[in-house]
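Biologist: I'd like a close look at a single part of this one, and then a sense of how the rest of the chain sits around that part. Could you pull it up for me?

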Amino acid sequence: MEFLQLSSSVLLLLACICCVPVSCGESSTSTPPPHQACSSITGSCEECLKNVSCLWCYTTNACLDYPVRNVLPPSKLCRLSDARWGVCWVNFEALIIAMAVVGGILLISITICCCCCCCRKRSSGPDRDEERMARRREERMQRSDERKSERKTKHDEIRKKYGLLSKSDHPYSRFEND
């Protein structure tokens with residue numbers, strides 16, 4: 001139970017961390033017309049990144065068209081540590097590292113949650129079954145003991161009747177030769 005509370009708090013924390021870059025980013029209410037080419041935008045990083053199809057490169061201080069065929073901009077266009085997209089305060093290198101860490105933590109926490117839930121279900125199942133089997137075994141042993149004692153009393157009565165008991169008070173018991 002404690003682990004589930006811990007993992008849910010970790011997931012909540014990760015969700016907050018993932019949402020912070022989105023909420024801390026500068027929201028642009030006015031976007032440039034879509035027909036405006038990124039190379040024609042001059043000025044600062046903020047002006048360039050108002051258009052989502054643009055990429056700002058700090059080494060050349062230029063606004064470039066984002067290479068949509070590639071997930072990441074090639075190094076000949078701009079180095080990852082100097083490339084900005086979306087917001088000016090996060091470079092691609094930091095973004096890749098942060099997303100890898102967050103993704104790794106999520107995968108590990110999900111794996112641990114699944115393993116703990118599966119192990120808890122497995123461990124509780126056999127315990128109940130073992131308990132049930134032990135109870136049944138004990139009941140069988142009791143019944144067996146009862147049947148044994150009943151058989152012994154019957155056999156003792158028969159032996160007593162025919163004088164086969166050594167400590168019998170029966171008047172027709174065997175005489176022993178001394």
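Biologist: Which backbone oxygen does the side chain of Ser109 reach, and at what distance?

Modeller: Keep in mind that this is a predicted model. The side chain of Ser109 reaches the backbone oxygen of Leu106, at 2.9 Å. As for where that happens, Ser109 lies in helix H3, which covers residues 92-161. Ser109 counts as buried because its relative accessible area is 12%, under the 20% cut-off. For the chain as a whole, buried residues make up 19% of the 178 residues. The accessible surface comes to about 14,200 Å², and carbon and sulfur atoms account for 59% of that.

There's also an annotation to look at on this helix. UniProt, in an unreviewed entry, puts a "transmembrane region" at residues 94-119. In the model that stretch is 100% helix and 0% strand, and its end C-alpha atoms are 37 Å apart.

Now step back to the whole chain. You'll find 3 helices and 4 strands, and from the N terminus on they run α-α-β-β-β-β-α. The strands form an open sheet in the order E2-E1-E3-E4, with antiparallel pairing. Its edges are strand E2 (62-65) and strand E4 (87-91), each pairing on one side only. From one strand to the next, the twist averages 40 degrees.

Take the E2 edge to begin with. Strand E1 (residues 54-57) pairs with E2 in the antiparallel sense over 4 bridges, and one of the matches is Leu55 with its bridge partner Leu64 in E2. The hairpin of E1 and E2 has 4 residues between the strands, and in this hairpin Asn61 takes a positive phi near 50 degrees.

Over at the other edge, strand E3 (residues 83-85) runs antiparallel to E4, and 2 bridges join them. Here Arg84 has Asn91 in E4 as its bridge partner. Strand E4 covers 87-91 and helix H3 covers residues 92-161, so if you follow the numbering on from Asn91 you come to the helix that holds Ser109, which is buried at 12% relative accessible area.

One last number for the overall picture: among contacts between residues at least 6 apart in sequence, 36% join residues at least 24 apart.

Key
Residues numbered from 1 in each chain as written. Predicted model: local features only at pLDDT ≥ 70, side-chain atom pairs only at ≥ 80, totals over all residues. Heavy atoms only, no water. Buried < 20%, exposed > 50% of the residue type's maximum accessible area, 1.4 Å probe, protein only. Contact = heavy atoms within 4.5 Å. Areas by Shrake-Rupley, 256 points an atom, 1.4 Å probe, with all protein chains shown as cover. UniProt positions renumbered as here; feature names shortened; annotations may be inferred. Pairing = 2+ DSSP bridges. Axes fitted to C-alpha atoms, helices over the stretch in contact; angles between N-to-C directions. Polar contact = N/O pair within 3.5 Å; in protein donor to acceptor, adjacent residues only side chain to side chain.
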